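Biologist: Before we discuss the terms one by one, could you put the model on the screen?

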Amino acid sequence: MRTGIATVCLSGTLKEKMQACAIAGFDGIEIFEQDLVTSPLSPEEVRKMAADLGLGLDLYQPFRDFDGVTPDLLKANLKRAEAKFNLMERLGMDTILVCSNVATATIDDDELRASQLTELAELAGDHGVKVAYEALAWGKYVNDYEHAYRLVEMVDHPNLGTCLDSFHILSRDWDTAPIEQINADKIFFVQVADAPKLSMDVLSWSRHYRVFPGEGQFELAKFMGHVVRAGYTGPVSLEVFNDVFRQSDTERTAVDAMRSLIWLEEQSANWLAGTSADGESVNGGASRRRYPMELATLPKVNEPAGFNFAEVKADDTAQLEKLLGQLGFEFEGRHRTKDVQLWTMGQARVIINEQAASHSEPAIAALGFDVDSPVIASARAQQLKAPVVARKVQADEEVFQGISAPDSTEIFLCQGSPDGTAAWTHEFGEGLEHSAAPQNAVIDHVNLAQPWQHFDEAVLFYTSALALEPQPFAEVPSPSGLVRSQVMETSDGSVRLVLNLAPAQQAQSARKTYQEHIAFAVGDLVATARSARDRGLEFLEIPANYYEDLDARFDLEPGFLATLKELNLLYDRDANGEFLHFYTATVGSVFFEMVERRGNYDGYGAPNAPVRHAVQYDSLHRS
């Protein structure tokens, strides 16, 4: 699949954008007209730079408001078009995007539109240019891709074809199956963009909220599957208008964009393999047919089986050690060659890392996940442009496959074991003597704060590299504003990762100011809380008003309610079960949560989140 991206997707100058696209590995680019107009580079210099970078110049865009106009305006439009065709000759480009008219069309007549597009196609032919006609979702008279193609058929000129844009098609919920009936020779260009499902006017939706494939909710694999079946072989190019992307680091956004196309290519191949030509799902997957466009796939991996460990990095570890001890964790000793400690409670493992942590407050630095094959999983992640994280090892030490997440959290892919143990723990020396009745526990979920400019990137990263599924996001009120919370999890809930987008006032340095936490699941939370209290644990103090409201909502047994209040426990219940949890005080930017899931409760105590945010806010500002 030939990959492309429109320069409008990225921040920076045209030169910076082209360099970033080459670094990310794109085959070609679309030049957005404004990027050229504002560039000090001449068209000839742009052409040479593209050649030097190995980038094709695939599309010049957009040419607006051409068709459905009066004769005098048509004359002016043709003059404007000829100037652009001359410019394209200097650039060495042969395809231009012409959008359906949204502003100046006054005549709703397909015969007239076809005759005007014929004149445009003939003029384009004189200059060796192809015109890709696109139906904008908000076009005045033409807003349907099938309508646009009918006009192309009416004109029947070799220099006029159509452009299929996933946003304009999927935002209007148009059926994508008819794409397969379009003559492939008349599909001159394909643009893709994802988007969250929003209730707003389509123009504002398009201009501000498009995202890269895999970061929204459109059925892009299905869209691309129909395009492939139609026989299209040209570029598949990203056209994304997004306020955040156009303020973010140019190279990093380009890499994120490339990752999204690699992911989309694989998803489209999977959709084709599992769907028959008539659109019916095929059990077990259909035999893979060959199409003119070859779609590459990635090394296949299963979703993680669980958390292997969580790592907290700190300069001064005394408070962390005290907190873990109060919770009931056992100190297993120090690593034989590295300045790190291991603390365990059942199968929940926490590493305290003092390496290169000078002058840093405690913060979550790394997560380990149990996977079937760490090497294959790492190979997949690297093909998806994930940066490699290497750690020095000596003989007889576990070699972890590491990659870096968008927020710089290090992700380690570990060899899972049927009994949940980890072979690398033998690398730690003697710790403390264990208690007679060790508590059984696992890491239930981890909550990570995301920088504002990399939130969507993180969703795609964990979806594509770790096979976690994004759940519907929620917005939680806090004293600082709304916190956007995105749950990523495995199908069985053995891995739950919560990505939080901090409120705007904290967004510039979310990792430094916004708190993160690790949650541990135990079998008896009340007993765990009592033991922790006896060891002197400082709980997050929950207001009495909360318990009055809790009683009103659930009509709890008085003794049980009194226990909750006594131990600062929070409670939630749904049709599937119950959820008990408590929080510790915060050390640096990290705090811990202990939870107990009863029945089939699958949530995170969402009604209690505003209480936690408010108490933490009050505690932070008191200190």
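Biologist: What is the order of the strands in the open sheet of eight strands, and how are they paired?

Modeller: The open sheet has the order β10-β11-β12-β9-β13-β16-β15-β14, and its pairing is mixed; strands here are DSSP runs of E with at least two residues, helices are runs of H or I with at least four, and both are numbered from the N terminus. Please keep in mind that this is a predicted model, in which local features need pLDDT of at least 70 and side-chain atom pairs count only at pLDDT 80 or more, while totals for chains, interfaces and linings use all residues. Residues are numbered from 1 along each chain as its sequence is written, and side-chain values use heavy atoms, with hydrogens and water left out.

Biologist: What makes β10 and β14 stand at the edges?

Modeller: β10 (330-334) and β14 (388-389) each have a single partner strand, so one side of each is left without a neighbour in the sheet.

Biologist: How do you know that β11 and β12 pair?

Modeller: Two strands pair if DSSP finds at least two bridges between them, and six bridges join β11 (residues 340-345) to β12 (residues 348-353), the two running antiparallel. W343, for instance, has V350 in β12 as its bridge partner. Helix α11 (residues 318-327) packs on this sheet, touching β9 (306-313), β11 and β12, and its direction makes about 15 degrees with that of β11; touching, or contact, means heavy atoms within 4.5 Å.

Biologist: How are the strands β1 to β8 arranged?

Modeller: They form a closed barrel of eight strands, β1-β2-β3-β4-β5-β6-β7-β8, with parallel pairing, and the twist averages 30 degrees from one strand to the next. Within the barrel, β2 (residues 28-32) and β3 (residues 56-63) pair in the parallel sense over five bridges, with I29 standing opposite L57 in β3.

Biologist: Why are α16 and α17 called roughly antiparallel?

Modeller: Helix α16 (residues 544-554) and helix α17 (residues 558-567) pack at about 155 degrees, with their axes 10 Å apart. Axes are lines fitted to C-alpha atoms, for helices over the stretch in contact, and angles run from 0 to 180 degrees between N-to-C directions. Angles under 35 degrees count as roughly parallel, over 145 as roughly antiparallel, 65 to 115 as roughly perpendicular and the rest as oblique, and α16 and α17 are therefore roughly antiparallel to each other. Their contact is made by A544, Y547, L550 and D551 of α16 and L561, L564 and K565 of α17.

Biologist: Why are α5 and α6 called oblique instead?

Modeller: Helix α5 (residues 110-126) and helix α6 (residues 145-155) pack at about 60 degrees, with their axes 9 Å apart, and they are therefore oblique to each other. In this contact D110, E111, R113, A114, L117 and T118 of α5 meet H147, L151, M154 and V155 of α6.

Biologist: What makes α9 a mostly covered helix?

Modeller: Ten of the eleven residues of α9 (residues 220-230) are buried, where buried means under 20% relative accessible area, exposed over 50% and partly exposed in between, with a 1.4 Å probe and protein chains only. Among the buried residues are L220, F223, M224 and V227, and what covers the buried residues of α9 includes β6 (160-165), α7 (166-170), β7 (187-192), β8 (236-238) and α10 (250-273). After α9 comes G231, whose phi is positive, near 100 degrees.
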